[in-house]
Structures are given as C-alpha cells and as structure tokens.
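These are my notes from a session with one structure. I wrote each entry as I looked the point up.

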Amino acid sequence: MQEGKLNKRIKLQDRDAGEMVLFLIGGLELIVNLLKSTNNEVLTSIGAVVSKLAKDKEILGVLTDLGVVPLLAELTNTTDNRLRCNLAEAIGHCCMWSTNRASFGEFGAIGHLVRYLKSKDRSVLLSTAMALYQLSKEPNNIITMHEEGVVQVS
C-alpha cells in the first residue's frame with residue numbers, strides 16, 4: 001500500500017519536474033527573443049539578465065541552444081555605455097560554454113569590444129576587460145584582437 005502511494009508521488013513529481021523544465025525553457029526563450037528589441041532600455045535590462053543567468057552552466061547551455069550568442073554579438077555595435085557594459089558582461093559569462101568563445105569571434109563581436117576600450121566609463125572598461133580575457137582563451141580571437149588594435153604599438 002505504501003509503495004503504491006510512493007510510486008504515485010514519484011510519477012507526480014516527474015510530471016511536475018517536466019512541466020517546470022518546459023516553463024523554464026519558455027521563460028529563457030522569451031528572454032532571448034527580447035534581445036531582438038529595438039529599445040535600448042529593454043536591451044540593457046535583458047543584457048544584465050543574461051549576464052546573471054549565464055553564470056549557471058545548465059541555463060547557459062539552454063541560452064546557447066536558443067541562439068543567444070549571435071544576438072549578443074550583433075548588439076555589440078552600439079555607443080550606449082550602459083548597454084555596452086551589460087553586453088560585455090553577458091559575453092564574458094557566456095564564454096564559459098564550450099564553443100561560445102569561438103562563436104563570438106565568428107560573429108564579429110571582437111572588434112566592437114576592442115573599441116569599447118576607448119570608453120571613459122569605468123564600468124564599461126571593467127566588463128570589457130573581463131569579456132576580452134575570456135574571449136582570449138580562443139587562439140583565433142587573439143589574432144583578431146591584435147588585428148583590431150587591442151595592444152597599441154609604441
């Protein structure tokens with residue numbers, strides 16, 4: 001009798017866990033889709049959200065599968081310092097997933113990030129340095145960084 005109740009409870013928990021995963025993925029999909037917005041305030045906020053979520057490896061895997069990398073890379077061509085700061089931080093954290101470092105390079109984010117180093121905003125400089133450090137763990141990105149002038153020749 002007890003075993004039957006336990007099996008029923010486990011089945012309910014499994015179903016609930018499945019629904020929870022679908023709910024989570026749906027929420028992450030909404031977040032990724034908001035990176036297609038044209039509103040800088042929305043983009044700035046979502047960049048901050050992605051940078052926090054990407055600290056969790058499981059969530060980062062889902063975000064990567066949902067296409068967060070090309071969307072973040074595309075947004076790097078901005079002059080808005082608040083957006084730059086959050087994008088650089090999000091990119092830095094997204095680099096913790098296997099192929100994302102190389103993908104950011106392939107999608108052209110490196111050159112824009114190097115140009116962020118000309119900013120006078122300390123937050124932009126800090127988050128950009130962190131992102132470039134993470135991106136530099138991919139050898140092809142180092143080449144691109146040097147081509148883009150990350151190191152000034154005296």
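**Entry 1: two helices side by side.** I began with helix H7, residues 109-116, and helix H8, residues 122-135, in this predicted model. Their axes are 9 Å apart, and the two helices pack at an angle of about 145°. I noted the crossing of H7 past H8 as left-handed. Next I looked up which residues meet. From H7 I listed Ile110, Leu113, Val114 and Tyr116. Their partners in H8 are Val124, Leu125, Thr128, Ala131, Leu132 and Leu135. Sorted by class, this contact of H7 with H8 has nine nonpolar residues, one polar residue and no charged ones.

**Entry 2: methionine 130.** I stayed on helix H8, where methionine 130 lies. Is the residue buried, partly exposed or exposed? Methionine 130 counts as partly exposed because its relative accessibility is 25%, and the partly exposed class runs between 20% and 50%. I then looked for its contacts, leaving aside neighbours within four places in sequence, and found Ala88, Glu89, Gly92 and His93. For glycine 92 I also looked up the C-alpha separation from methionine 130, which is 6.1 Å. The two residues are 38 residues apart along the chain.

**Entry 3: leucine 60 and glutamate 58.** I moved to helix H3, residues 57-65, which holds glutamate 58. Leucine 60 lies in helix H3 too. Which of them is buried and which is exposed? Leucine 60 has a relative accessible area of 0%, so it is buried. Glutamate 58 has 64%, so it is exposed, the cut-off for exposed being over 50%.

I listed what leucine 60 touches, not counting residues up to four places away in sequence: Ala54, His93, Cys94, Met96, Trp97 and Asn100. Leucine 60 and methionine 96 are 36 residues apart along the chain, and their C-alpha atoms are separated by 8.2 Å. For glutamate 58 I looked up the distance to tryptophan 97, which is 9.5 Å from C-alpha to C-alpha. In sequence, glutamate 58 and tryptophan 97 are 39 residues apart.

**Entry 4: cysteines.** How many disulfides does the structure hold? I found zero. A disulfide is a covalent bond between the sulfur atoms of two cysteines. I wanted to know why cysteine 95 does not form one, and checked its closest cysteine sulfur, which is in cysteine 94. The gap is 7.4 Å, and therefore too far for a bond, since the cut-off for a disulfide is 2.5 Å. I also looked up burial. Cysteine 95 has 0% relative accessibility and so counts as buried. Cysteine 85 is buried as well, with a relative accessible area of 14%, and the cut-off here is under 20%.

**Entry 5: a record for part of the chain.** An unreviewed UniProt entry places the feature "repeat: ARM" at residues 26-58. I looked at that span in the model and found 76% helix and 0% strand. The C-alpha atoms at its two ends lie 15 Å apart.

**Entry 6: the whole chain.** Last, I took the totals. The protein chain has nine helices and zero strands. Read along the sequence, its pattern is α-α-α-α-α-α-α-α-α. Of the 154 residues in the protein chain, 38% are buried. I also looked at the contacts with a separation of 6 or more: 69% of these are between residues 24 or more positions apart.

Technical notes:
Residues numbered from 1 in each chain as written. Predicted model: local features only at pLDDT ≥ 70, side-chain atom pairs only at ≥ 80, totals over all residues. Heavy atoms only, no water. Axes fitted to C-alpha atoms, helices over the stretch in contact; angles between N-to-C directions. Helix = DSSP H or I, 4+ residues; strand = E, 2+ residues; numbered from the N terminus. Left-handed = near helix turned anticlockwise from the far one by under 90°. Contact = heavy atoms within 4.5 Å. Nonpolar A, V, L, I, M, F, W, Y, C, P; charged D, E, K, R; others polar. Buried < 20%, exposed > 50% of the residue type's maximum accessible area, 1.4 Å probe, protein only. UniProt positions renumbered as here; feature names shortened; annotations may be inferred.
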